[in-house]
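Please follow the metal sites of this protein, working from the spacing of the ligating residues to the geometry and then to the surroundings of individual donors.

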Amino acid sequence: MSVAGLCEICERPDVDHTCDRCGRLVCDRHWDEDTGMCVECGAEVGQPSDRMSPEDMPDGVDTYRF
Ligand SMILES: [Zn+2]
Ligand SMILES: [Zn+2]
């Protein structure tokens, strides 16, 4: 076993990442690779994870011309 500890969120032994913000050891499921932070910090910082929300789609979808 080369792991240094347990995930500090779910206490699974398969930690792979360290949060860039709080330094917590977290498992893959609780680490956001986009931000390099654990999910708790991600929630605190409030990163918009849905940049492709359907409401952002412009009305003129058929502006693609060849
Ligand atoms: Zn976890
Ligand atoms: Zn964190």
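Along the chain, the donors of the zinc ion (ligand 2) follow the spacing C-x2-C-x15-C-x2-C. In this predicted model, those protein donors are the SG atoms of Cys-19, Cys-22, Cys-38 and Cys-41, which lie 2.3 Å from the zinc ion (ligand 2). Two of them, Cys-22 and Cys-38, are 16 residues apart and link distant parts of the chain, with Cys-22 in the loop between strand 1 (15-18) and strand 2 (25-27) and Cys-38 in strand 4 (residues 37-38). The angles subtended by the four donor atoms around the zinc ion (ligand 2) run from 103 to 116°, and the arrangement is therefore tetrahedral, given that four donors count as tetrahedral if all angles lie between 85 and 135 degrees.

The surroundings of this pair can be described residue by residue. Cys-22 has a relative accessibility of 37% and so counts as partly exposed, whereas Cys-38, at 0%, counts as buried.

The other site can be read in the same order. The donors of the zinc ion (ligand 1) follow the spacing C-x2-C-x16-C-x2-H along the chain, and the coordinating atoms are SG of Cys-7, Cys-10 and Cys-27 together with ND1 of His-30, at 2.0 to 2.3 Å. Around the zinc ion (ligand 1), the four donor atoms subtend angles of 100 to 121°, which makes this arrangement tetrahedral. For reference, the ideal angle for four tetrahedral donors is 109.5 degrees. Among the donors of this site, Cys-7 is buried, because its relative accessible area is 1%, while Cys-10, at 30% relative accessibility, counts as partly exposed.

Terms used:
Residues numbered from 1 in each chain as written. Chains lettered and ligands numbered in written order. Predicted model: local features only at pLDDT ≥ 70, side-chain atom pairs only at ≥ 80, totals over all residues. Heavy atoms only, no water. Donors = N, O, S within 2.8 Å, 3.2 Å for Na, K, Ca; no water. Tetrahedral: all angles 85-135°; square planar, octahedral: opposite > 155°, others 65-115°. Helix = DSSP H or I, 4+ residues; strand = E, 2+ residues; numbered from the N terminus. Buried < 20%, exposed > 50% of the residue type's maximum accessible area, 1.4 Å probe, protein only.
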